[in-house]
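Q: Please take a close look at one part of this model and then place that part in the context of the rest. A connected account with the computed values would be the most useful form.

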Amino acid sequence: MRTKNSIINSLVGLGSYVILLLGPLVLSPVVASLGSEVLGIQKTFMDTVALLNIIELGISFGVIYKLYRPIAENDTEKIAILLNFYKNTFKVIALVLLVLGLLTAVSIPQIVPEHDSSRFSDKWLSTMFILYLADTLATYLFGHKRAMLIADQRNYLVSICRTSCQVLMYILQLVSIVCFRSFEMYVVSRLVCTLLDSIFVHVMYKVKYKNIDLKIKKKLDKTERNDLFKNLGALFYHKIGYQSLASGSTLIITSNLGESITGMYYPYTLITNGLMSVTDQVFNAILTSFGNLMVKATKGEIFNVYKKIFFLNYAMYSFFAVSLFCLIDPFIRLWMGEAFLLKKATIVLITINFYTFGMRKSISMVKNSAGLYRPDRYFALLEAAINLGLAVLLVGRLGLNGVIIANILSSLVIPFWTQPYVVYKNIFNRSVASYYRKHVLYAIVTLISCIFTYYICSLFRVDGFLKLVINALVCLIVPNGINVFMFYKTEEFRYLLGIAKNIFKQFRMRK
């Protein structure tokens, strides 16, 4: 049943994010028609709000982890107590975020340097930022009910709600720019559709969980509440580390290199973040099932399942990394134009950063499933300090490349070593050496696949759309062919192949 739920959630999540990936790809050149500076301003707003949203503490992960056992035991009273705790805590967090956001709105013109003041007045910048802030606050609405759907392995319902509202948003935003040339309407459309998404989640919850009484007066006992707050405190450190890699980097680029460079870099981050969002749907779908497994299974059974998930992590990110490196130039040229092309050295760094960050997904999923946030919480702060320090130091000498190098180095120096050690010691009770050996093997195979695939792509002397198609076909065949050749005898490969065959068989039967 866990495997079936994971497959359903993964397929729906993947399908929804493929749809959601198309929207930004269509919208970005349309928004860029208002000027590349607008793309940079949008990126800065989004990352500034994300940085402020650190105060969310990662509470949704903490509460979802706590919900696994009462859901497995059908303890509706405990579920209601946890959901009420989540709701009340989020009210406080939303109020703090609102105050911080309004204070930031006053100074946002200074965060966005070298902008055309005749087009983008200080008042306009502050107002648009407040709308982006309101969009984030709207995601808090009924967040406890969204957490229940996810914890109960009903991610597909959340994905359906999100996809429907996002598609509507893309349509409204396209009309806003093409027909009215209005960035203001573009931003308001985003806020309206986020509110609709939260309302739909509320309706889904009401239909599925009529037996859960949220009017219950009981509260979490003191011991459990203290334990949860300790985990939330640790999650806060991890959120700082994560956001420093994302939002902090953008703000350093903007303040040192200007909105134009941020605007040029934005399409690349849009693609890499989109690919990560697609893979996140797979791991988010597996996460709740894995959490359920950890409640019931032995450590040996848990480790056996993890090995297969780690291989899945590698199979996805090796393929995406090779494809990213070989397809990004022809794709950007067709999509955004020659003006948005970055140098090959930057593309190499973007690919390495994408792969190293993505290969942490499976080990992070296990940590989140187990609620294991405290052992390496201070290392997350150290990662943030190294990342920001190196970025500030290198951006003046190496420009954009320096910021990406800082991201890579901070990731390799800290979480690459600490996260696996914590998981293997506390959950699997095994030596972590086998993880690093396999990681090195996977990296070598990915590098060989990338070099070989890029070489074959370079043999075809064509341009334009035909170049993109040929490169895509080569990327589909070569890296996947190498993986089949290298790993077809392994238990992990045969397990995933068996799942793929079952999905195909069920699809044919329904047809």
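A: Glu77 has a relative accessible area of 37%, and therefore counts as partly exposed. The model is predicted, and the values that follow are to be read in that light. Glu77 forms a salt bridge with Lys218, in which the closest N and O atoms lie 3.3 Å apart. The two partners are 141 residues apart and link distant parts of the chain: Glu77 belongs to helix 4 (residues 76–111), whereas Lys218 sits in the loop between helix 8 (183–208) and helix 9 (222–257).

This pair belongs to a wider set, since a search of the whole structure finds 12 salt bridges. Another of them joins Asp329 to Lys344, with 3.2 Å between the closest N and O atoms. Asp329 lies in helix 11 (residues 299–335) and Lys344 in helix 12 (residues 344–358), so this salt bridge ties together parts that are 15 residues apart in sequence. The surroundings of the two partners can be stated separately. Asp329 has a relative accessibility of 16% and therefore counts as buried, while Lys344, at 31%, is partly exposed.

A further salt bridge is formed by Arg360 and Glu383, whose closest N and O atoms are 3.8 Å apart. These partners are 23 residues apart and again link distant parts of the chain, with Arg360 in the loop between helix 12 and helix 13 (361–370) and Glu383 in helix 14 (residues 377–398). Both Arg360 and Glu383 are buried.

Helix 4, the home of Glu77, also has a nonpolar side. A nonpolar patch on the surface is formed by Val92, Leu95, Val96, Leu98, Val99, Leu100, Leu102, Leu103 and Ile130, which together have about 740 Å² of accessible area. Eight residues of this patch, its largest share, come from helix 4. Leu98 is found in helix 4. The relative accessibility of Leu98 is 34%, so this residue counts as partly exposed.

The loop that follows helix 4 offers a contrasting case. Val112 lies in this loop, between helix 4 and helix 5 (122–140), and is buried, with a relative accessible area of 0%. Val112 and Ser255 are separated by 143 residues in sequence, but their C-alpha atoms are 7.2 Å apart in space. Within helix 5 itself, Thr136 may be considered. Thr136 has a relative accessible area of 14% and therefore counts as buried. Apart from neighbours within four places in sequence, Thr136 is in contact with Val49, Asn53 and Leu97.

The interior is the next topic. In soluble globular proteins, nonpolar side chains tend to be buried together. The largest nonpolar core of this model contains 151 residues, and those with the most contacts inside it are Phe45, Phe183, Tyr268, Phe290, Tyr306, Ile332 and Phe428. Helix 11 supplies the largest share of this core, 21 residues. For Phe183, when neighbours within four places in sequence are left aside, the contacts are Leu34, Val38, Gln42, Trp124, Met128, Tyr132 and Ile177.

Helix 11 also takes part in covering helix 17 (residues 433–458). The 26 residues of helix 17 should span 38 Å at 1.5 Å a residue, and its end C-alpha atoms are indeed 38 Å apart. The buried residues of helix 17 are Tyr435, Tyr436, His439, Tyr442, Val445, Thr446, Ser449, Cys450, Thr453, Ile456 and Cys457. Their cover includes helix 11, helix 12, helix 13, helix 16 (415–428) and helix 18. Helix 18 (residues 464–487) has 24 residues and reaches 35 Å from its first C-alpha to its last, close to the expected 34 Å. Among its buried residues are Lys467, Asn471, Cys475, Pro479 and Phe487.

The totals for the chain complete the context. The secondary structure comprises 19 helices and zero strands, and 55% of the 511 residues count as buried. Of the contacts between residues at least 6 apart in sequence, 84% join residues at least 24 apart. The accessible surface comes to about 23200 Å², and 66% of this belongs to carbon and sulfur atoms.

Notes:
Residues numbered from 1 in each chain as written. Predicted model: local features only at pLDDT ≥ 70, side-chain atom pairs only at ≥ 80, totals over all residues. Heavy atoms only, no water. Salt bridge = Lys/Arg side-chain N within 4 Å of Asp/Glu carboxyl O. Helix = DSSP H or I, 4+ residues; strand = E, 2+ residues; numbered from the N terminus. Buried < 20%, exposed > 50% of the residue type's maximum accessible area, 1.4 Å probe, protein only. Patch = residues over 30% accessible without salt bridge, like charges linked within 9 Å, V, L, I, M, F, W, Y side chains within 5 Å. Areas by Shrake-Rupley, 256 points an atom, 1.4 Å probe, with all protein chains shown as cover. Core = buried A, V, L, I, M, F, W, Y, C linked by side-chain atoms within 4.5 Å. Contact = heavy atoms within 4.5 Å. Expected span 1.5 Å × (residues − 1).
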